[in-house]
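Q: Please take a close look at one part of this model: its aromatic pairs. How many aromatic pairs are there, and where does each one sit?

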Amino acid sequence: MTNSHVHVVDHPLVQHKLTLMRERDRSTKGFRELLNEIGMLLAYEVTRDLPIEWVDIETPIAPMKAPKIAGKKLTLAPILRAGVGFLDGMLALMPSARIAHIGLYRDPNTLQAVEYYFKAPQDLTDRTVILMDPMLATGNSACAAAELLKARGARDIRFVCLLAAPEGVAKFTSEHPDIPIWTAAIDEKLNDHAYIVPGLGDAGDRMFGTK
Ligand code: URA
């Protein structure tokens, strides 16, 4: 499943690293490092069309007009806790970015997203916001996070994940058709516990070693 709002990043480096992450026996350390590396590679893709402005600079040889990213500093918005796994990789490429932490957990019975923390820069209206969560499963958390960001004025939001389920993509694109998605893969389906199949298991547990 793909449309102009869903970008499947098929770069061989991303695909190779994702395969390593899926392997059951990958260590916590290895999983975390790979997620960071993929975060960096996805950051490159999601920022590809950022607007630039031409500024006057002087090289040691001559003055010139040179391109810079226009506008206010970007905001990176990880959904806690698994979204944090992308953060260092993204910050490596965007070291001045602001950060919005969005605390949501999935109620195990209803599977609905429950908010427990939200702290973002005051002025999101004119910032590009990169919302991130490795797993787009039911889409409930991603939709709730996007609503919170929009309520704070965000108008240019992009969603980055590692793996998506068709169900999550369908829900997110229908509720937030204005927000494009970048993912490394769209897997087959969700299972009865809303885990992505074949997926990679619980991303938070695997990156933090909590199981
Ligand atoms: N969250 C995860 O960490 N893994 C899934 O498969 C689905 C949601």
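A: What follows goes through the pairs in turn, ring by ring.

The model is predicted. A search through the whole structure gives 2 aromatic pairs. A pair of aromatic rings is described by two values, the distance of the centres and the angle of the planes.

One pair is formed by Tyr 105 and Tyr 116, with 6.2 Å from centre to centre and 35° between the planes. This pair is tilted, because tilted covers angles that are neither under 30 degrees nor over 60. Tyr 105 belongs to strand S6 (residues 101–106) and Tyr 116 to strand S7 (residues 113–119), so the pair links distant parts of the chain, 11 residues apart. How buried or exposed are these rings' residues? Tyr 105 has a relative accessible area of 43% and is partly exposed. Tyr 116 is also partly exposed, at 46% relative accessibility.

The other pair consists of Phe 159 and Phe 172. Their ring centres are 5.2 Å apart and their planes meet at 35°, so this pair is tilted as well. Phe 159 is in strand S10 (residues 156–160), while Phe 172 is in helix H5 (residues 166–175). The pair therefore ties together a strand and a helix, through residues 13 apart in sequence. Phe 159 has a relative accessibility of 1% and Phe 172 has 0%. Both residues count as buried, because buried means under 20% relative accessible area.

In short, the tyrosine pair is made of partly exposed residues, whereas the phenylalanine pair is made of buried ones.

Definitions and conventions:
Residues are numbered from 1 along each chain as its sequence is written. This is a predicted model: local features need pLDDT of at least 70, side-chain atom pairs count only at pLDDT 80 or more; totals for chains, interfaces and linings use all residues. Side-chain values use heavy atoms; hydrogens and water are left out. Rings of Phe, Tyr and Trp (its six-membered ring) pair if their centres lie within 6.5 Å; planes under 30 degrees apart count as stacked, over 60 as edge-to-face and the rest as tilted. Helices (H or I, at least four residues) and strands (E, at least two) are DSSP runs, numbered from the N terminus. Buried means under 20% relative accessible area, exposed over 50%, partly exposed in between (1.4 Å probe, protein chains only).
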